[in-house]
Amino acid sequence: MLRDNDAIATIPVKDIERARHFYQDTLGFELVENRENEVLSLKSGRSSILVYRSDFAGTNKATAATWAVGSDLDEIVQALGAKGVGFEHYEMPNTTLRGDVHVSDGMQVAWFKDPDENILCIVNG
């Protein structure tokens, strides 16, 4: 039913302008539409991200969106770090931390938060 349709990551934020700066300027996504300073539509590869103003922003304690970046993971971690993005470090079984990257059985993952504490993830797979 839905398998042939694209999914859109939907991320709540409290301050749409602060979010626009982070997602467009810091993360580099292309702004497609800004609807009345309440909803941003951003392009991410062949997919989209919908960032919208919500009083419930930042209440999710799990990963909100993940990007598969392949072998560019380390380069992206360095570039984001240079822009002031801090990375989260988690204790997980059978996982080691290499700088800001979690490594487990060939999988490499880095987590960071947006200004509203939404957890975002990049993975090498």
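This is a short group-meeting talk on the fold, the core and a few residues of one predicted model.

Hi everyone, and thanks for coming. Please keep in mind throughout that we are looking at a prediction.

Let me start with the overall layout. The chain has two helices and 10 strands. Reading from the N terminus, the order is β-α-β-β-β-β-α-β-β-β-β-β. The radius of gyration is 15 Å, close to the 14 Å that the globule rule gives for 125 residues, so the chain is as compact as a globular protein of that length. If you want box dimensions, the C-alpha trace spans about 45 × 35 × 25 Å along its principal axes. As for burial, 34% of the 125 residues count as buried. And for those of you who like contact order, take the contacts between residues at least 6 apart in sequence: 54% of them join residues at least 24 apart.

Now to the inside. In soluble globular proteins, nonpolar side chains tend to be buried together. Here, the largest nonpolar core has 25 residues, and those with the most contacts inside it are Tyr-23, Leu-27, Val-51, Trp-67, Phe-112, Leu-120 and Ile-122. Which elements each supply at least two residues of this core? They are the strands β1, β3, β4, β5, β9 and β10, together with the helices α1 and α2. The largest share, four residues, comes from α1. There is also a second, separate core of five residues, which includes Val-109, Trp-111, Ile-119 and Val-123.

Leu-120 is a nice residue to click on. Setting aside residues up to four places away in sequence, its partners include Phe-22, Tyr-23 and Leu-27, and also Trp-67, Phe-112 and Asp-114.

Let's walk along α1 next. Asp-15 caps its N-terminal end, with a side-chain oxygen 3.1 Å from the backbone nitrogen of Glu-17. Within the helix, Ile-16, Ala-19, Arg-20, Phe-22, Tyr-23 and Thr-26 are buried. Thr-26 has a relative accessibility of 12%, and it counts as buried because the cut-off is under 20%. Beyond its sequence neighbours, Thr-26 touches His-21, Leu-80, Lys-83 and Val-85. Just after the helix, Gly-28 takes a positive phi of about 85 degrees.

On to strand β4, residues 47-53, where we find Ile-49. Is Ile-49 buried or exposed? It is buried, at 2% relative accessible area. Its contacts from further along the chain include Ile-8, Ala-9 and Ile-11, as well as Phe-29, Leu-42 and Trp-67. The C-alpha atoms of Ile-49 and Ala-7 are 9.1 Å apart, although 42 residues separate the two along the chain.

I saved Asp-114 for last, as this group may enjoy it. Asp-114 sits in the loop between β9 and β10. It is buried yet has no salt bridge, and the nearest side chain of opposite charge, Arg-18, is 7.0 Å away. So what does the Asp-114 side chain reach? One partner is the backbone nitrogen of Asp-116, at 2.8 Å. Another is the side chain of Tyr-23, through a polar contact of 2.7 Å. Away from its sequence neighbours, Asp-114 is in contact with Ile-11, Val-13, Phe-22, Tyr-23 and Leu-120. Tyr-23 and Leu-120 are both among the residues with the most contacts inside the largest core.

That's my tour. Happy to take questions!

Note on methods:
Residues numbered from 1 in each chain as written. Predicted model: local features only at pLDDT ≥ 70, side-chain atom pairs only at ≥ 80, totals over all residues. Heavy atoms only, no water. Buried < 20%, exposed > 50% of the residue type's maximum accessible area, 1.4 Å probe, protein only. Contact = heavy atoms within 4.5 Å. Lys, Arg positive; Asp, Glu negative; His and termini not counted. Salt bridge = Lys/Arg side-chain N within 4 Å of Asp/Glu carboxyl O. Polar contact = N/O pair within 3.5 Å; in protein donor to acceptor, adjacent residues only side chain to side chain. Core = buried A, V, L, I, M, F, W, Y, C linked by side-chain atoms within 4.5 Å. Rg over C-alpha atoms; globule rule 2.2 N^0.38 Å.
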